[in-house]
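Let's take a friendly walk through one protein model, starting with a strand and ending at the surface.

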Amino acid sequence: MKKEKKRKELLKLISILSDNETIYLIDISDLNSNQISILRKNFNKFYIQMRVVKNTLLKKALEKIENKQLDSFLPILNGNTSILSSNLGGLPSKIIKNFHFKEKIEKPYLKAAYVEKSFYFGNKDLDILINIKSKNDLIIDILNMLQCPIKKILFSLKLGEYKIFKMIESLSSR
């Protein structure tokens with residue numbers, strides 16, 4: 001790779017690592033070109049970027065970014081590495097797990113994932129990642145749980161208001 005091309009690729013990796021809340025590192029070795037194409041299409045449907053990276057460039061990018069937590073990726077940077085980036089938490093793991101089921105293989109292999117400020121390593125963590133909820137999802141769940149009691153309170157207040165109105169109306173007609 002020429003020096004200018006390496007520099008552009010390095011800047012792109014720095015941007016990916018800095019701008020995305022969800023980073024997956026996967027191994028897609030042993031997949032044929034048709035399987036990789038299917039996988040890419042599945043990721044692209046949900047705006048999940050997939051790119052094959054050189055480990056040395058990824059190491060350099062990790063050294064240059066502000067988020068030093070991502071240094072936890074360094075020990076697993078060997079062999080074939082592809083990076084998935086998105087802001088959709090567990091969705092990439094659902095796509096990977098579905099691919100495993102349809103193709104009846106354990107590839108792509110999850111090397112590591114950084115989701116909701118936590119790390120996950122290996123295919124064993126795919127099920128955890130599938131069920132992980134983002135902060136926004138948790139807020140929505142809490143609001144939905146509070147919605148029913150709040151509606152009851154509002155209904156009670158309206159009912160009380162109606163009763164008071166009827167009592168005042170009956171008193172004023174006398």
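## A strand covered on both faces

Please keep in mind that this is a predicted model. In strand β1, both faces are covered. T22, Y24 and I26 lie on one side, I23, L25 and D27 lie on the other, and all of these residues are buried.

The count for the strand agrees: β1 spans residues 22-27, and 6 of its 6 residues are buried. Buried here means under 20% relative accessible area, so each of these residues falls below that cut-off.

## The neighbours of β1

Which strands is β1 joined to by bridges? One is β3, made of residues 81-86, and 5 bridges join this strand to β1. The two run antiparallel. If you would like a pair to look for in the viewer, T22 has S86 as its bridge partner in β3.

Another is β4, residues 109-115, which is also joined to β1 by 5 bridges in an antiparallel arrangement. Here you can pick out Y24, whose bridge partner in β4 is A113.

## A positive patch at the surface

Now for the surface. K3, K6, K54, K60 and K64 form a positive patch there. Helices α1 (3-19) and α3 (55-64) are the elements that contribute two or more residues to this patch.

Is K64, one of the patch residues, buried or exposed? This lysine is found in helix α3. K64 counts as exposed because its relative accessibility is 56%, and the cut-off for exposed is over 50%.

Terms used. Residues are numbered from 1 along each chain as its sequence is written. This is a predicted model: local features need pLDDT of at least 70, side-chain atom pairs count only at pLDDT 80 or more; totals for chains, interfaces and linings use all residues. Side-chain values use heavy atoms; hydrogens and water are left out. Patches are made of residues with over 30% relative accessible area and no salt bridge: like charges are joined within 9 Å, nonpolar side chains (Val, Leu, Ile, Met, Phe, Trp, Tyr) within 5 Å. Accessible areas come from the Shrake-Rupley method with a 1.4 Å probe; for residues, only the protein chains shown count as cover. A salt bridge is a side-chain nitrogen of Lys or Arg within 4 Å of a carboxyl oxygen of Asp or Glu. Lys and Arg count as positive and Asp and Glu as negative; His and the chain ends are not counted. The place of a charge is taken as NZ of Lys, CZ of Arg, CG of Asp or CD of Glu. Helices (H or I, at least four residues) and strands (E, at least two) are DSSP runs, numbered from the N terminus. Buried means under 20% relative accessible area, exposed over 50%, partly exposed in between (1.4 Å probe, protein chains only). Two strands pair if DSSP finds at least two bridges between them.
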